[in-house]
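Visitor: Please give me a close look at one part of this structure, starting from the charged side chains. I'd like to follow how they pair up, and then see what surrounds them.

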Amino acid sequence: MSQKVAGEAGDLYRSVAEHPIATGRDPRPLPVARDPRYRGPMSEQPRIPHILVVDDHREIRDAVTRYLEKNGLRATSAKDAAEMDSRLKVGQFDLVILDVMMPGEDGLSAARRLSASGGPPILMLSALGEETDRIVGLEVGADDYLVKPFSPRELLARVKAILRRAERPHLLAGQLGGRKLSFAGWLLDTDTRTLIREADESEVALTTAEFKLLTAFLERPRFVLSRDQLLDITSGRAADVFDRTIDNQVSRLRRKLEADPAHPQIIATIRSGGYSLAADVREVT
């Protein structure tokens, strides 16, 4: 381990481990039976979200796991992608916090697999903080990307934001939630996020990023959408990163939709404008 990475791991461990909640020194009182927040043992309890923390640094994953648990979440840890796969086979998880640089299979490869198979949402952690690093993380299917060292409060805020979005899956498809849509020889089920080629009824896997991009086009057929607009629609953020983000996502989506991706007929490039879905969309009942 390099001295720089080791130092960052130590800084992150101290940042999380020394937080008042993680140490048990939180001054806030616990709810008691007469407190309206208290739920008796026989009352129906809401399901507690379960987070899988995957990081090869034991201090970091242990500190993050404890911090999440102190904040009312369930948390389980894994030291690498192989252990992550084992945990996912036997447990139900609502979010995976995934480190990028790990021995064996790296976090980017693992995130790509999870996203393509319709796995849980992903929050990536990395000491690599350049714009291109964040772009790659989001393009492979991560829902968010957090640079080490980070504030425990920011980590918790991002976790809760992802969980809120996951609880409302219809929002992922915008106004198209709960519909089946036919376009250019394809059928998209926005509930199951299943893309089917109508000619042979074969299924094509979509990453989270590809699904968001496709539904953005299907909501606005034959309208020209700029790169800035697409980034805002799909990521909810301003276009403060390279245009390559959207360009690469469009290229990947074309490889799945187009008979000849080099000469696209479904998603057209509009010179000095952006992109447009060059097909009609109809709802299938």
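Guide: A salt bridge here is a side-chain nitrogen of Lys or Arg within 4 Å of a carboxyl oxygen of Asp or Glu. By that rule Glu154 forms a salt bridge with Arg158, and their closest N and O atoms are 2.8 Å apart. Please keep in mind as we go that this is a predicted model.

Let's stay with that pair for a moment. Glu154 and Arg158 are four residues apart in helix 7 (residues 152–167), so about one helical turn separates them. An α-helix has 3.6 residues a turn, so residues three or four places apart point the same way. Glu154 is partly exposed because its relative accessible area is 34%, and Arg158 is partly exposed at 24%.

A search of the whole structure finds 13 salt bridges, and another one sits in helix 4. There Arg87 pairs with Glu83, with 2.8 Å between the closest N and O atoms. Arg87 and Glu83 are four residues apart in helix 4, so they too are separated by about one helical turn. With a relative accessibility of 30%, Arg87 counts as partly exposed, whereas Glu83, at 19%, counts as buried, since the cut-off for buried is under 20%.

Now for a pair that links two helices. Arg227 forms a salt bridge with Asp247, the closest N and O atoms being 2.8 Å apart. Because Arg227 lies in helix 9 (residues 227–235) and Asp247 in helix 10 (residues 244–257), the pair ties together parts that are 20 residues apart in sequence. Arg227 counts as partly exposed, at 25% relative accessibility.

Salt bridges can also join up: Asp55, Asp99 and Lys148 are linked in a network of them. Asp55 is found in the loop between strand 1 and helix 3 (58–70). A relative accessible area of 1% makes Asp55 buried. Setting aside neighbours within four places in sequence, Asp55 touches Ile60, Arg61, Ala78, Lys79, Asp99, Met102, Leu125 and Lys148.

On the other side of strand 1 in sequence is Pro49, in the loop between helix 2 (20–23) and strand 1 (50–54). Pro49 counts as buried because its relative accessibility is 18%. Its contacts beyond four places in sequence are Leu73, Arg74, Asp94 and Leu163. Of these, Leu163 is 114 residues away from Pro49 in sequence, yet 7.9 Å away in space, C-alpha to C-alpha.

Arginine also turns up beside a ring: Arg193 lies over the face of Phe211, at 5.2 Å from the ring centre. As for pairs of aromatic rings, the search of the whole structure finds zero.

Let's finish with helix 5. In helix 5 (residues 107–116), the buried residues are Gly107, Ala110, Ala111, Leu114 and Ser115. These buried residues cover an arc of only 130° around the axis, so they are on the same side of helix 5. Their cover includes helix 4 (81–90), strand 3 (95–99), strand 4 (122–126) and helix 8 (208–219). Helix 4 is thus part of this picture too. At the N-terminal end of helix 5, Asp106 acts as a cap, with a side-chain oxygen 2.9 Å from the backbone nitrogen of Leu108. Just after helix 5, Gly118 takes a positive phi of about 75°.

Notes: Residues numbered from 1 in each chain as written. Predicted model: local features only at pLDDT ≥ 70, side-chain atom pairs only at ≥ 80, totals over all residues. Heavy atoms only, no water. Helix = DSSP H or I, 4+ residues; strand = E, 2+ residues; numbered from the N terminus. Buried < 20%, exposed > 50% of the residue type's maximum accessible area, 1.4 Å probe, protein only. Contact = heavy atoms within 4.5 Å. Arc of directions from axis to C-beta. Polar contact = N/O pair within 3.5 Å; in protein donor to acceptor, adjacent residues only side chain to side chain. Phe/Tyr/Trp six-rings, centres within 6.5 Å; stacked < 30°, edge-to-face > 60°. Lys NZ or Arg CZ within 6 Å of the ring centre and 35° of its normal.
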